[in-house]
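Hi everyone, and thanks for coming. Let me bring the structure up on the screen, and then we can walk through it together.

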There are 2 protein chains.
Amino acid sequence: MYQLTEHDLGDIAIGAALLGTGGGGDPALGRLIAREALRRHGPVTVVTPEELAPDSLVLPVATMGAPTAANEKLPSLEPVEELIRAFADAAGRRPTHLMPIEIGGIAALIPIAIAAQLGLPLVDADMMGRAFPELQMVIPSLAGVSATPMVLADEFANTVVLRSDDNAHTERLARAVCVAMGAAALIALYPVDAEQVLAHTIAGSLSRAADLGALVRNASRDHQDAAAAVAERIEGTVVFEGKVIDLQRRTEGGFTFVRTLLEGTGPSLGRTAEIESQNEHLLIRTADATLATTPDLIIIVDAASGLAVTTEALRYGVRTRVIAAPCDPRYRTEGALAVVGPRAFGYDEDFVSIVDRVKERVA
Amino acid sequence: MYQLTEHDLGDIAIGAALLGTGGGGDPALGRLIAREALRRHGPVTVVTPEELAPDSLVLPVATMGAPTAANEKLPSLEPVEELIRAFADAAGRRPTHLMPIEIGGIAALIPIAIAAQLGLPLVDADMMGRAFPELQMVIPSLAGVSATPMVLADEFANTVVLRSDDNAHTERLARAVCVAMGAAALIALYPVDAEQVLAHTIAGSLSRAADLGALVRNASRDHQDAAAAVAERIEGTVVFEGKVIDLQRRTEGGFTFVRTLLEGTGPSLGRTAEIESQNEHLLIRTADATLATTPDLIIIVDAASGLAVTTEALRYGVRTRVIAAPCDPRYRTEGALAVVGPRAFGYDEDFVSIVDRVKERVA
């Protein structure tokens with residue numbers, strides 16, 4: 001258990017942007033919102049999953065919407081009371097703790113702001129260990145946990161409560177509501193008890209984000225290779241270095257689709273690589289070979305600073321290094337890959353873990 | 001109070017199709033569903049608004065979706081228990097009575113089926129006295145009654161509960177959910193008490209539909225002029241007679257838009273008229289003059305049978321008579337016309353009551 005203050009936010013924002021694999025929106029925005037809330041309401045108590053009492057009711061909270069919309073429209077925390085009240089009405093009780101649903105970008109920081117506002121403790125864990133675009137892609141869903149009762153609330157304090165036995169149905173309905181809410185809703189979903197937190201979440205996510213943030217900050221200060229340090233810390237590898245020479249971007253149904261072309265630099269000189277992103281970076285390949293795919297983490301960092309380049313921030317001319325790192329093992333089962341593997345996103349590829357790809361290359 | 005049996009359904013279906021002014025879907029389909037329910041569960045008790053106990057909780061129920069979708073996909077009553085349970089969870093109690101929200105087409109018949117299935121009495125009233133495409137267009141909404149808690153349920157028993165202070169927001173959110181549910185949802189909304197039923201609904205709607213249905217049936221049997229009889233009974237007038245010679249139709253966002261061109265016959269010979277429909281028929285005009293507009297009722301009937309021609313059933317070559325009849329006076333206020341008048345639907349016209357139009361012509 002510790003007290004999270006505004007001084008922790010910088011590192012968490014840097015780390016969450018990295019773990020967000022391009023998605024989750026602009027962490028600087030999330031940091032601003034969280035700082036404002038912590039200044040007004042004081043620090044947030046953070047507990048580990050092991051510290052949860054058995055009768056705890058842990059409620060993940062987030063904003064939902066395309067990163068594009070989130071950047072144009074500051075997510076409003078105004079309706080947070082209505083969000084929690086609607087949840088409590090539906091679930092029969094108020095949550096005892098909050099949690100991030102994913103540790104990517106804004107998604108790591110909004111729960112801090114909401115926890116400060118409500119005076120509720122936060123669990124140091126998330127349900128992905130990264131970011132993914134759809135809500136049935138969390139690890140608890142793969143284990144059969146229902147996303148519902150799920151609540152959405154908008155800036156007018158309109159609330160929507162969804163109930164479904166099928167998390168893919170919930171995703172479809174929630175996405176439609178979110179678009180109708182102007183692509184910026186506050187959401188609460190996947191309520192879990194202490195046992196479920198221990199079994200189906202990724203413990204220590206907030207600490208991991210903070211740790212990565214500090215690593216990048218220190219490497220930058222010490223003129224060290226931040227990308228290499230990050231890759232090492234998350235047991236990943238730098239799979240490509242290059243400059244953005246082409247971008248195709250479209251926003252559709254609450255999603256941002258980007259195809260990025262990199263021209264190799266440094267050790268990648270003479271090659272090009274293509275990255276496919278759907279909110280998150282999902283696949284990187286050269287003319288010869290696929291370098292990494294979802295559900296492994298594909299992280300684009302600015303070559304100079306080691307800071308994450310989000311899907312939104314991808315621009316012509318940006319010099320990048322691309323890190324691939326292994327996802328949580330629970331994402332590598334056949335059942336999980338049907339939901340978060342390359343084919344689930346429309347890429348005609350089998351998943352090969354970055355761990356195995358590296359072994360092959362070394363062998 | 002009386003017992004509604006399957007023998008009442010034929011006349012109600014005919015009358016509701018007329019009062020539906022083109023909208024509300026195929027009443028034959030609604031009749032089938034209601035007959036099935038009445039056969040299985042027995043007759044439904046129908047009460048007048050005056051017979052309601054003060055602590056009654058009256059819940060309008062309906063299906064939501066474009067008429068097109070309703071015809072392709074039989075509205076499923078399967079999730080009716082989940083619909084009512086979700087409503088009771090949100091409202092704190094179960095309804096004591098059900099009611100149609102509009103008296104148009106399927107909307108008049110589905111509540112009969114649901115009432116039979118649930119064993120609940122039905123109130124002989126509705127909230128429009130006709131049909132309109134959007135849910136904030138009911139008379140209680142004009143008087144400030146909230147549409148929420150509103151519940152939507154689909155064939156998978158997914159439920160969605162909306163809460164909003166603004167019925168136009170509720171419409172927008174519900175429409176998005178409805179489309180995501182495959183454009184065929186079961187809905188419950190505008191819960192009202194006995195006092196609100198007396199103040200803000202149109203009493204006797206079901207009886208009126210049944211009466212009109214009998215009128216058409218008898219006129220047809222006796223080789224009388226059914227259209228003229230209907231027009232007279234609802235204090236309307238036949239404003240045009242003609243054959244459909246052109247149709248433009250598109251379905252968009254859960255709505256069916258149709259522009260119909262009629263070539264005059266009989267007393268309208270030598271003229272053409274254009275009818276604009278958005279689920280319902282909203283405006284009819286000739287080259288010289290507007291003949292009638294929303295919120296007055298524009299009813300297209302088959303010239304031979306006097307049966308209503310729904311927006312969906314409009315076909316090239318159909319010979320029609322067009323009746324215009326005055327809407328409920330509560331729709332004629334300035335505030336109401338802002339919601340249901342011609343400009344609310346994008347037509348650059350002032351509303352002139354058919355009563356005044358007829359007076360002008362006679363004078």
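**A walk through the model**

We can begin with a pair of neighbours in chain B: strand β14 (residues 272–278) and strand β15 (residues 280–286) pair in the antiparallel sense over six bridges. If you would like one spot to look at, find B:E276, whose bridge partner in β15(B) is B:L283. Please keep in mind as we go that this is a predicted model.

Now let's widen the view. Those two strands belong to an open sheet of seven strands in chain B, in the order β16-β15-β14-β13-β12-β18-β17, with antiparallel pairing. Which strands sit at the edges? They are β16 (290–293) and β17 (297–302) of chain B, each pairing on one side only. Neighbouring strands in this sheet are turned by 30° against each other on average, direction ignored. As a general reminder, strands of a sheet pair through backbone hydrogen bonds, either parallel or antiparallel.

Something lies across this sheet, too. Helix α10 (residues 226–233) of chain B lies across β12 (237–252), β17 and β18 (319–325) of chain B, and α10 runs at about 10° to β18(B).

Over in chain A, there is also an open sheet of seven strands, with antiparallel pairing and the order β16-β15-β14-β13-β12-β18-β17. Its edge strands are β16 (290–293) and β17 of chain A, each of which pairs on one side only. Here I would point you to β17(A) and strand β18 (residues 319–325) of chain A, which pair in the antiparallel sense over six bridges. Within that pair, A:V301 stands opposite A:R321 in β18(A).

Next, two helices of chain A. In helix α1 (residues 9–19), how many of the eleven residues are buried? Eleven of the eleven are, so the helix is mostly covered, with buried meaning under 20% relative accessible area. Among them are A:L9, A:D11, A:I14 and A:L19. The cover includes β1 (2–4), α2 (27–41), α5, α9 (205–221), α10 (226–233) and β17 (297–302) of chain A. After α1(A) comes A:T21, with a positive phi near 45°.

The other helix is α4 (residues 80–91) of chain A. At 1.5 Å a residue, its twelve residues should span 16 Å, and the end C-alpha atoms are 16 Å apart, which agrees. Its buried residues include A:V80, A:L83, A:I84 and A:F87. Among the elements covering the buried residues of α4(A) are β3 (57–64), α5 (106–118) and β7 (150–153) of chain A. Just after this helix, A:G92 takes a positive phi of about 90°.

So where do the two chains meet in this tour? Helix α7 (residues 167–180) of chain A and helix α7 (residues 167–180) of chain B have axes that come within 8 Å and cross at roughly 145°. The crossing is right-handed. On the chain A side the contact is made by A:R172, A:L173, A:A176, A:V177 and A:A180, and on the chain B side by B:R172, B:L173, B:A176, B:V177 and B:A180. By class, that gives eight nonpolar, no polar and two charged residues.

One last stop: B:R208, in helix α9 (residues 205–221) of chain B. Is B:R208 buried or partly exposed? It counts as partly exposed because its relative accessibility is 35%. Beyond its sequence neighbours up to four places away, B:R208 touches B:L19, B:I202 and B:A203. B:R208 and B:R130 are 78 residues apart in sequence and 11 Å apart in space, C-alpha to C-alpha.

Note on methods. Residues numbered from 1 in each chain as written. Chains lettered and ligands numbered in written order. Predicted model: local features only at pLDDT ≥ 70, side-chain atom pairs only at ≥ 80, totals over all residues. Heavy atoms only, no water. Pairing = 2+ DSSP bridges. Helix = DSSP H or I, 4+ residues; strand = E, 2+ residues; numbered from the N terminus. Axes fitted to C-alpha atoms, helices over the stretch in contact; angles between N-to-C directions. Contact = heavy atoms within 4.5 Å. Buried < 20%, exposed > 50% of the residue type's maximum accessible area, 1.4 Å probe, protein only. Left-handed = near helix turned anticlockwise from the far one by under 90°. Nonpolar A, V, L, I, M, F, W, Y, C, P; charged D, E, K, R; others polar. Expected span 1.5 Å × (residues − 1).
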